[in-house]
Amino acid sequence: MSDTTPDTVRRPLISGNWKMNLNHFEALKLVQELSYEVTRDDVDAVDVSVHPPFTDIRTVQTALESDRIPFHLGAQHCHAEPSGAFTGEVAAPMLAKLGVRYVIVGHSERREVFGETDDLVNAKVKAILKNEMVPILCVGETLDEREAGEAEAKVKAQLKAGLSRVKAEQVATMVVAYEPIWAIGTGKTASADDAQAMCQTVRSSLEATHGEDAAASARVQYGGSVKPINAAELMGQPDIDGALVGGASLEAETFAKIIQYRLHD
Ligand code: PEP
């Protein structure tokens, strides 16, 4: 599952970001439990990616391949350089070699806790694309920015900088995750209307910077306390093409219900 053919029809993508949780034994158990919960029919309708910590990727890759589990392998971040003296870091070519397809980039936790700038995010986006993987570029505002009426401007600026000098045909293959920071891990979700409005802003911003075709093909996920109870309403919005799920992806039954959002409408 490593081709990067552009999706002409925007297939929903539900991604589980496991963050710094689960050792490789626990990761293997979760992916196997998830494979029992999720049917072939489910993955005919949506793409699913799992994003384990680096130490678990090889184990999860082996399980997906040997048991023919139809989930895409993901990573949570990577370094922008292909190799070198960067102690503790992992390069994009290393992930590509493991069969990783989707790489999260610019997650608010990386930006806030590890000081990742828009320029660095842009360099990582390019490294991921160069290695024929799909970036999931995260953008989103703080509560203060939302209350000050600055949310749209923040998201547009992050997109413009993060996609600077990225070709339109590459943007067409990408995923943007709109994640209001105040909704991540807090149990507070943006209303479906607010999430739709910002995802539409993301798409019109992509159109302004990279053209109509790129904007029409790129997938826009919503992330921020997505749960089985709110997944169907969020996913029913015209500009929301999937979900980036943190906490609720750590439990197979719960994540499966999000993947099967159509059944729980
Ligand atoms: C995330 O980690 O990107 C996220 C959206 O987390 P949660 O679903 O726990 O809010």
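How do the residues of the lining of the largest pocket divide into nonpolar, polar and charged? Keep that in mind while you set up the view. This is a predicted model, where local features need pLDDT of at least 70, side-chain atom pairs count only at pLDDT 80 or more, and totals for chains, interfaces and linings use all residues. Numbering runs from 1 along each chain as its sequence is written, and side-chain values use heavy atoms, with hydrogens and water left out.

**Stop one: the pocket.** Select Lys19, Met20, Gln76, His77 and Arg110, which sit closest to the centre of the largest pocket among its 13 lining residues. The lining splits into 5 nonpolar, 4 polar and 4 charged. The pocket holds about 430 Å³ of space. (A pocket here is an open set of points on a 1 Å grid over the protein atoms alone, where a 1.4 Å probe fits, with protein on both sides within 12 Å along at least five of seven lines; lining residues have an atom within 4 Å of a point.)

**Stop two: the ligand.** Keep Lys19 selected and add Glu179, Gly185, Ser225 and Gly246: these come nearest of the 14 residues around the ligand (a heavy atom within 4 Å). By class, this shell has 4 nonpolar, 8 polar and 2 charged residues, with Gly counted as polar.

Now zoom in on the ligand's oxygen atoms. A polar side-chain atom of Lys19 is 2.8 Å from one, and a polar backbone atom of Gly246 also lies 2.8 Å from a ligand oxygen. Show Asn17 too: an N or O atom of its side chain is 3.3 Å from an oxygen of the ligand.

**Stop three: the cysteines.** Which cysteine sulfur is closest to that of Cys78? Select Cys138: its sulfur is 13 Å away, too far for a bond. The structure holds 0 disulfides (cysteine sulfur pairs within 2.5 Å). Cys78 is buried (under 20% relative accessible area, 1.4 Å probe, protein chains only), at 1%. Finish on Cys199, buried at 0%.

How values were computed: Points joined across faces, edges and corners; volume = space filled by probe spheres on them. Buried < 20%, exposed > 50% of the residue type's maximum accessible area, 1.4 Å probe, protein only. Polar contact = N/O pair within 3.5 Å; in protein donor to acceptor, adjacent residues only side chain to side chain.
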